Amino acid sequence: MTDIDQHAAARTPMRIAAVIPCYNEGLSIAQVVAQFKAALPEAEVHVFDNNSTDDTAAIARASGAFVTHVAAPGKGNVVRRMFADVEADVYVTVDGDATYDVASARRLVDALVAGNLDMVVGCRVDDGQNALTYRAGHRFGNRLLTGAVAKLFGGGLTDMLSGYRVFSRRYAKSFPALSHGFEIETELTVHALELRMPYAELDTAYSTRPEGSHSKLSTYRDGWRILKTICKLFISERPLQFFSIIAALLAAGAIALAFPLLLTYMHTGLVPRLPTAVLATGAMLAAMLSMVCGVVMHAIRLGRREAKRLRYLATPGVRHSAPR
């Protein structure tokens, strides 16, 4: 790039997009759009309506947002469309239920740009006005699932399930988005950790939904789906570790079965329990096959990670300060 091109790029204003996934948020979406226009007046506001049965889309459009209909149900499908359809340098995503502090969006964007980060997570801090805002069961589940991801993939996030995040263009255009529903937050987190992207977490206020508005979350169903997603990601992103554990368990079982048979054979020269011997042999063969599967999948995983990393590097990062 020539000096003239570099100066021209430096003068190019940074494009910020507020992308809001919605499903039946007619009571709150106008408030969220208005808050974004006040906090980030230079940002384009996009509402992605996921088959709402109320007037969410009409209200969002009347409020001045660009509205896109997403037919495939599930927040994961919406996020896939958001990152694919919207062109921006910085993406601010927040749920359309008016529970997050949209006024802090500028602070999150500034943190991303100043630190040359790829993801900033708005860590939810209960405003204390209503005990049901951030229920104890949800807090416990969040700590449990966030801790599991930190144990398996590293990182120091404390609120992995927050729906309030800011992403760089690099992140958005390298994210494969394979999840369908609310487990998408887990995939968003693991993607950043696996590519070792720089990220940060900032506290943001979390408040009660508007009166008459109802949460779409199901504590046990969504918790189970998130847990399954963590397991799937562990297998796909840590195959050598996963299959090594399986191999170790099978090998330990095979040795435990074979040891008494070995003692008997050494004393008598006979193997009286042939079925046990066959089972021990099969368990050891299965352990060896499991280890081979881990090695093969590990090599495949390295190729996948390299491809994602190259896609990430092919996308320009944010190089200039946020406009005021």
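This is a short tour of the structure in your viewer, stop by stop, with something to select at each one.

**The whole chain**

Bear in mind as you go that this is a predicted model. Start with a cartoon view of everything: the chain has eleven helices and seven strands. Of its 324 residues, 44% are buried. If you draw contacts between residues at least 6 apart in sequence, 78% of them join residues at least 24 apart.

**The sheet**

Now colour the strands. They form an open sheet of seven, in the order E3-E2-E1-E4-E6-E5-E7, and the pairing is mixed. Which strands sit at the edges? Select 66-69 for E3 and 199-206 for E7: each of these pairs on one side only. Turn the view to look along the sheet, and you can follow a twist that averages 20° from one strand to the next.

**Strand E1 and its partners**

Next, select residues 16-22, which is strand E1. Is E1 enclosed or open? Seven of its seven residues are buried, so the rest of the structure largely encloses this strand. Show the side chains and check both faces: Ile16, Ala18, Ile20 and Cys22 are on one side, Ala17, Val19 and Pro21 are on the other, and all are buried.

Add E2 (44-49) to your selection. E1 and E2 run parallel and are paired over six bridges. Two places to click are Ala17, which stands opposite Glu44 of E2, and Cys22, which stands opposite Asp49 of E2.

Then bring in E4 (90-93). This strand is also parallel to E1, joined to it by four bridges. Go back to Ala17 and you'll find that its bridge partner in E4 is Tyr91.

**Helices on the sheet**

Keep the strands on screen and add helix H2 (29-39). H2 lies across E1, E2 and E4, and its direction is at about 170° to that of E1. Helix H4 packs on the sheet too, touching E1, E2, E3, E4 and E6 (165-168). The direction of H4 makes about 155° with that of E1.

**Two cores**

In soluble globular proteins, nonpolar side chains tend to be buried together. To see this chain's largest nonpolar core, which has 32 residues, select Ile20, Phe36, Val90, Val92 and Val109: these touch the most other members. E1, H2, E2, E4 and helix H5 (105-114) each supply at least two residues of this core. Which element gives the most? H5 does, with five residues.

Zoom in on Phe36 and show what surrounds it. Leaving aside neighbours within four places in sequence, Phe36 is in contact with Ala18, Ile20, Pro41, Val45, Val92, Val94, Val102 and Ala105. Apart from the largest core there is another one, of 25 residues; Ala17, Met82, Val121 and Ala172 are among them.

**Where H4 meets H8**

Two packed helices are described by the angle between their axes and the distance between the axes. Select 75-85 for H4 and 184-194 for H8: they pack at an angle of about 50°, with axes 9 Å apart. That makes H4 oblique to H8. For a look at the contact itself, show Lys75, Gly76, Val79 and Phe83 from H4, together with Ile184, Glu185 and Leu188 from H8. Sorted by class, this contact has four nonpolar, one polar and two charged residues.

**Two loop residues and a threonine**

From H8, step back to the loop between helix H7 (169-174) and H8, and click on Ala177. Its phi is near 55°, which is positive although the residue is not glycine. Ala177 counts as buried because its relative accessibility is 2%.

Then go to the loop between H8 and E7, where you'll find Arg196. Arg196 has a positive phi of about 55° and is not a glycine either. Is Arg196 buried or exposed? With 70% relative accessibility, Arg196 counts as exposed.

For the last stop, select helix H9 (residues 219-237) and pick out Thr229 within it. Thr229 has a relative accessible area of 10%, so this residue is buried. What does Thr229 touch, leaving aside its neighbours within four places in sequence? Show Ser179, Glu183 and Thr186, which are its contacts.

Notes: Residues are numbered from 1 along each chain as its sequence is written. This is a predicted model: local features need pLDDT of at least 70, side-chain atom pairs count only at pLDDT 80 or more; totals for chains, interfaces and linings use all residues. Side-chain values use heavy atoms; hydrogens and water are left out. A nonpolar core is a set of buried Ala, Val, Leu, Ile, Met, Phe, Trp, Tyr and Cys residues joined through side-chain atoms within 4.5 Å. Buried means under 20% relative accessible area, exposed over 50%, partly exposed in between (1.4 Å probe, protein chains only). Contact means heavy atoms within 4.5 Å. Axes are lines fitted to C-alpha atoms, for helices over the stretch in contact, and angles run from 0 to 180 degrees between N-to-C directions. Angles under 35 degrees count as roughly parallel, over 145 as roughly antiparallel, 65 to 115 as roughly perpendicular and the rest as oblique. Ala, Val, Leu, Ile, Met, Phe, Trp, Tyr, Cys and Pro count as nonpolar, Asp, Glu, Lys and Arg as charged, and the others, Gly among them, as polar. Two strands pair if DSSP finds at least two bridges between them.
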